[in-house]
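Visitor: I'd like a close look at how the pieces of this protein pack together on the inside. Could you pick a part and walk me through it?

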Amino acid sequence: MDRVSLNKISQIIQGKPEISDLIMSDVEGISIDSRTTRPGDLFFAVQGKRLDGHQFVADALAQGAQACVVNRGAEAAGLSQPLICVENVNLAFQKFAHWYRSQQQATVIGVTGSVGKTTTRTMIHTVLAPFLKGVQSPANYNNEFGVPLSIAQIESGHQYAVLELGASLPGEIRELARLSQPEIGVITGIGPSHLEHFGTLEQTAAAKGELFEALPESGFAILNGDDAFAASLAEKTSARKLKTGLSEQNDLQAVAVHQTGSGLSFQVDGSEFLIPVFGKHFLYPALFAIAVAKEFGLPNQDLIEGFRQFATIPGRCHIEQIGSWTVIDDSYNSSPASMAAACQVLHGWTGGGKRIMVMGDMLELGAESKRYHQEIGALIAASDIDFLFVCGKQAAAVVQGALSGTLSQDRIVQAADVEELQSDVISRLEPGDVVLVKGSRGMRMERLITSLKRQAGQTDSQQAASREMKSCV
């Protein structure tokens with residue numbers, strides 16, 4: 001973040017400073033988490049669903065915060081000084097982010113959609129970063145707190161910022177776009193995600209389409225031309241539009257798509273690209289990245305080099321070797337579309353061992369949840385998967401769907417929670433097997449990954465001890 005004086009910030013957020021001796025000093029960053037506050041930061045004591053930042057003011061100051069922004073009246077509760085008092089800390093936090101964004105010249109690329117937001121954001125940053133100066137949203141900073149923190153990362157010398165915008169309710173994307181003021185918008189696609197809140201796919205599309213509505217006429221809208229809602233999304237903006245995908249009607253079309261041992265290969269405009277990933281669902285994020293990069297004037301040869309640097313993120317189809325097993329960690333989140341992609345990954349796996357799926361519930365699907373889980377169960381059965389381990393409240397629906405296909409009962413294990421599956425999974429695993437772990441965030445499927453690593457470590461230790469005993473004998 002560029003340095004900004006406390007005096008200027010106080011004016012922007014309409015705060016009353018209780019810091020007369022520091023008023024002209026500069027802030028070097030902003031923070032809402034006292035654990036990660038750095039010396040020189042301004043700490044906003046925001047109020048979330050679970051925690052109230054006012055409880056951590058003393059901790060933030062102990063970490064070196066220049067001052068803390070608190071609700072007016074909170075200073076009377078004996079909070080440590082120095083403070084800036086405002087009517088509403090959360091609104092003050094957003095006011096500052098909106099003002100700070102308006103001071104920056106970097107081109108903001110907003111990314112939203114039902115699936116693939118983080119992969120798309122990361123892939124865009126990966127291909128741009130070797131040639132341009134810029135930033136991307138850290139981790140999953142895509143809500144009313146994360147987006148302002150992401151905006152604060154932008155500095156005067158940056159040429160771009162790729163910001164992920166998430167939402168579970170109508171109007172949220174509109175507000176995040178108001179703060180971030182994107183000039184390029186990417187909508188990855190529309191699918192059954194957060195239906196519990198959005199209601200229908202049409203309403204989901206309308207909510208995601210708020211990003212395109214926020215683009216200026218001089219902006220650039222990039223969308224999945226193969227998506228069923230492509231036409232309706234395109235109508236939401238007067239900005240330039242570009243459709244990407246596999247079908248011929250797209251402006252940017254991928255052809256000759258192949259999954260190889262080296263990664264995913266495809267051709268665009270006569271150039272061949274290779275990304276070191278497994279899964280054809282990575283194709284659309286790659287096309288979005290190409291479209292953005294071309295807007296910045298980067299030639300195909302630069303993009304070819306950029307894609308070679310791409311690495312998957314833990315929790316998002318991230319492949320790692322744990323002991324003698326291959327584990328595909330797709331545990332961060334889940335939806336019908338991403339579960340279908342996971343089935344495709346396992347179906348196409350070419351290793352010699354068993355293909356094992358460990359699945360947790362897909363959450364927030366509303367009244368249609370049972371049907372979606374049954375359909376995924378049937379898809380799993382059709383994907384030549386050897387064993388299915390399933391947990392959660394909708395596990396029975398998944399099993400029902402799987403049994404309607406070719407998967408027999410003796411190849412299915414059902415439990416209420418992933419921890420109940422751990423011993424069964426480990427007992428089934430043999431050297432060379434591949435296991436894919438996936439479920440919605442609330443299912444905390446990453447606990448199985450931790451258990452597998454612990455088991456592999458114990459096995460390695462036992463084998464090492466056995467070798468040592470034999471050498472002594």
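Guide: Here's a tour that starts at one residue, then moves on to two helix pairs and a pocket. Keep in mind that this is a predicted model.

Let's begin with Ile356, which sits in strand S20, the stretch covering residues 355–359. Is Ile356 buried or exposed? Its relative accessibility is 0%, and buried means under 20%, so Ile356 counts as buried. What does Ile356 touch, once you leave out residues up to four places away in sequence? The list runs to Leu346, Ile385, Phe387, Phe389, Leu429, Asp433, Val434, Val435 and Leu436. Take Val434 from that list: it is 78 residues from Ile356 along the chain, yet the two C-alpha atoms are separated by 6.1 Å.

Another name on that list, Leu346, gives us a handy way into the helices, since helix H13 spans residues 336–347. H13 packs with helix H14 (residues 369–381), their axes 10 Å apart and at an angle of about 10°. Angles under 35 degrees count as roughly parallel, so that's the label for H13 and H14. On the H13 side, the residues that meet H14 are Pro336, Met339, Ala340 and Cys343. H14 answers with Tyr372, Ile376, Leu379 and Ile380. Sort the residues of this contact by type and you get eight nonpolar, no polar and no charged.

Now set that beside a second helix pair. Helix H3 (residues 89–102) and helix H6 (residues 172–180) have axes 7 Å apart and pack at an angle of about 50°. That angle makes H3 oblique to H6. Here Gln94, Ala97, His98 and Arg101 come from H3, and they meet Glu175, Arg178, Leu179 and Ser180 in H6. The contact of H3 with H6 is a mix: two nonpolar residues, three polar and three charged.

Last stop, a bit of open space. The second largest pocket has a volume of about 220 Å³. It is lined by 14 residues, and those closest to its centre are Gln259, Gly261, Val277, Phe278 and Ile319. Which strands help build that lining? Strand S15 (255–260) and strand S18 (318–322) each give at least two residues to it. By type, the lining of this pocket holds nine polar residues, five nonpolar and no charged.

Note on methods: Residues are numbered from 1 along each chain as its sequence is written. This is a predicted model: local features need pLDDT of at least 70, side-chain atom pairs count only at pLDDT 80 or more; totals for chains, interfaces and linings use all residues. Side-chain values use heavy atoms; hydrogens and water are left out. Helices (H or I, at least four residues) and strands (E, at least two) are DSSP runs, numbered from the N terminus. Buried means under 20% relative accessible area, exposed over 50%, partly exposed in between (1.4 Å probe, protein chains only). Contact means heavy atoms within 4.5 Å. On a 1 Å grid over the protein atoms alone, a cavity is a set of points where a 1.4 Å probe fits but cannot get out, and a pocket is an open set with protein on both sides within 12 Å along at least five of seven lines; lining residues have an atom within 4 Å of a point. Grid points are joined across faces, edges and corners, and a volume is the space filled by probe spheres set on the points. Ala, Val, Leu, Ile, Met, Phe, Trp, Tyr, Cys and Pro count as nonpolar, Asp, Glu, Lys and Arg as charged, and the others, Gly among them, as polar. Axes are lines fitted to C-alpha atoms, for helices over the stretch in contact, and angles run from 0 to 180 degrees between N-to-C directions. Angles under 35 degrees count as roughly parallel, over 145 as roughly antiparallel, 65 to 115 as roughly perpendicular and the rest as oblique.
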